[in-house]
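Subject: The structure for you to look through

Dear colleague,

Here is the structure I promised to hand over, with my notes on what was found in it placed just below. Please keep the 3D view open while you read, so that you can look up each residue as it comes.

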Amino acid sequence: QVQLVESGGGLVQAGGSLSVSCAASGRTFSSYAVAWFRQAPGKEREFVAGITWSVLNTNYADSVKGRFTISRDNAKNTVYLQMNSLKPEDTAVYYCAARSSLTNYWRDYAQAIKYDYWGQGTQVTVSS
């Protein structure tokens, strides 16, 4: 089992920056692929960014590309999401998710159903 705990959410003005973290405990986290998803009220959960155990492999949703950066520190069992140039439409609960299997990863990394472990979420609110 892997337990994920997000932190760092909050309220920020449009154009500002915020960083959220996902700390893992349990099994060795370094071999897992990790992603950030978000869910706004009345909307489906959507993929934001993902990273494999090798920090060379990252993926982003088009809506955040160039503004958000995902990174990980395997020694600290932590994954980060740095969010810059935030917009009101980025307002959502942000969830960290992890998956142990990389089978077909390049086809389905954005599919929430493929992730085995989830955190409880952290609220990010961007005011206009």
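**Aromatic rings around F37**

With a relative accessible area of 1%, F37 is buried, because buried means under 20%. Please bear in mind from the start that this is a predicted model, and that what follows describes that model.

There are 9 aromatic pairs in the structure. In one of them, F37 and Y115 meet edge-to-face, with their centres 5.3 Å apart and an angle of 75 degrees between the planes. F37 belongs to strand 4, while Y115 sits in the loop between helix 1 (105–108) and strand 10 (117–118), so this pair ties together parts that are 78 residues apart in sequence. Y115, like F37, is classed as buried, since its relative accessibility is 5% and that of F37 is 1%.

F37 has a further ring partner in W118: here the centres are 5.1 Å apart and the planes stand at 50 degrees, so the pair counts as tilted. Because F37 lies in strand 4 and W118 in strand 10, this pair ties together parts that are 81 residues apart in sequence. W118 itself is partly exposed, with a relative accessible area of 28%.

If you follow the ring pairs onward, you will find that they link F37, F47, Y95, Y105, W106, Y109, Y115 and W118 into a cluster. Charged side chains also lie over the faces of two of these rings: R45 is placed over Y95, at 3.8 Å from the ring centre, and R99 is placed over Y115, at 5.4 Å from the ring centre.

**Salt bridges**

How many salt bridges does the count come to? The count comes to 5 salt bridges, and I would like to take you through some of them.

One of them joins the side chains of D90 and R38, with 2.9 Å from N to O. D90 is found in the loop between strand 8 and strand 9 (92–99) and R38 in strand 4, so the salt bridge ties together parts that are 52 residues apart in sequence. Are these two residues, D90 and R38, buried or exposed? Both of them, D90 and R38, are buried.

Another salt bridge joins D108 and R99, again with a distance of 2.9 Å from N to O, and both D108 and R99 are buried as well. You have met R99 already, as the residue that lies over the face of Y115.

The salt bridge between D62 and K65, in which the closest N and O atoms are 3.2 Å apart, has other surroundings. D62 is exposed, because its relative accessible area is 65%, and K65 is partly exposed, because its relative accessible area is 49%. Salt bridges that share partners also join R38, E46, R67 and D90 into one network.

**A sheet of four strands**

It helps to recall that the strands of a sheet pair through backbone hydrogen bonds, either parallel or antiparallel. In this model, an open sheet of 4 strands runs in the order 1-3-8-7, and its pairing is antiparallel. Strand 1 (2–7) and strand 7 (68–73) stand at the edges with a single partner strand each, so one side of each is left without a neighbour in the sheet. From one strand to the next, the twist averages 15 degrees.

Strand 7 pairs with strand 8 (residues 78–83) in the antiparallel sense over 6 bridges, and S71 has Y80 in strand 8 as its bridge partner.

L18 is placed in strand 3 (residues 18–26), and L18 counts as buried because its relative accessible area is 16%. Beyond its neighbours within four places in sequence, L18 is in contact with several residues, including G8, L81, M83 and V124. The C-alpha atoms of L18 and S85 are separated by 9.2 Å, although the two residues are 67 residues apart along the chain.

**A loop residue to set beside these**

P41 is found in the loop between strand 4 (33–39) and strand 5 (46–51), and P41 counts as exposed because its relative accessibility is 77%. The C-alpha atoms of P41 and V79, which are 38 residues apart along the chain, are separated by 25 Å.

With best wishes for your reading

Methods: Residues are numbered from 1 along each chain as its sequence is written. This is a predicted model: local features need pLDDT of at least 70, side-chain atom pairs count only at pLDDT 80 or more; totals for chains, interfaces and linings use all residues. Side-chain values use heavy atoms; hydrogens and water are left out. Helices (H or I, at least four residues) and strands (E, at least two) are DSSP runs, numbered from the N terminus. Buried means under 20% relative accessible area, exposed over 50%, partly exposed in between (1.4 Å probe, protein chains only). Rings of Phe, Tyr and Trp (its six-membered ring) pair if their centres lie within 6.5 Å; planes under 30 degrees apart count as stacked, over 60 as edge-to-face and the rest as tilted. A charge sits over a ring if NZ of Lys or CZ of Arg is within 6 Å of the ring centre and within 35 degrees of the ring normal. Contact means heavy atoms within 4.5 Å. Two strands pair if DSSP finds at least two bridges between them. Axes are lines fitted to C-alpha atoms, for helices over the stretch in contact, and angles run from 0 to 180 degrees between N-to-C directions. A salt bridge is a side-chain nitrogen of Lys or Arg within 4 Å of a carboxyl oxygen of Asp or Glu.
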